[in-house]
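Biologist: Give me a close look at the salt bridges in this one, please. I'd like to hear where the partners sit and how open they are to solvent.

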Amino acid sequence: KVGCIGCGLCIKQCEYGAIRLEEQCAIINPKLCVGCGKCSSKCPTQAISQLIGEGTQEKDKFAIAKRD
């Protein structure tokens, strides 16, 4: 994985306004994210991944990998 390249495709895909760009990296607001997955399906670098596992809050559904 390359990580977020700041292309903004995920922002355009999000109907809930849950994603913004900060320093050329997408940031997901967990309070606005409904977990639909549309953003991750559009990401050209597959930087958006679903959070699964123990300790994951219902609202914290997706995370974005930053560039190295």
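Modeller: Here's a walk through the salt bridges, with a quick word on the nonpolar core at the end. Bear in mind that this is a predicted model, where local features need pLDDT of at least 70 and side-chain atom pairs count only at pLDDT 80 or more, while totals for chains, interfaces and linings use all residues. Numbering runs from 1 along each chain as its sequence is written, and side-chain values use heavy atoms, leaving out hydrogens and water.

There are 2 salt bridges in the structure (a side-chain nitrogen of Lys or Arg within 4 Å of a carboxyl oxygen of Asp or Glu). One joins lysine 38 to glutamate 15, at 2.3 Å from N to O. That pair ties together distant parts of the chain, 23 residues apart: lysine 38 belongs to helix H2 (residues 38–42), and glutamate 15 lies in the loop between helix H1 (9–13) and strand S1 (19–22). Helices (H or I, at least four residues) and strands (E, at least two) are DSSP runs, numbered from the N terminus. Glutamate 15 is exposed, at 54% relative accessibility, whereas lysine 38 is partly exposed at 32%. The cut-offs are under 20% relative accessible area for buried, over 50% for exposed and partly exposed in between (1.4 Å probe, protein chains only).

The other pairing is arginine 20 with glutamate 22, whose closest N and O atoms are 2.9 Å apart. Arginine 20 is partly exposed at 41%, and glutamate 22 is partly exposed too, at 40%.

As for the largest nonpolar core (buried Ala, Val, Leu, Ile, Met, Phe, Trp, Tyr and Cys joined through side-chain atoms within 4.5 Å), it has 15 residues, and Ile19 is among those touching the most other members.
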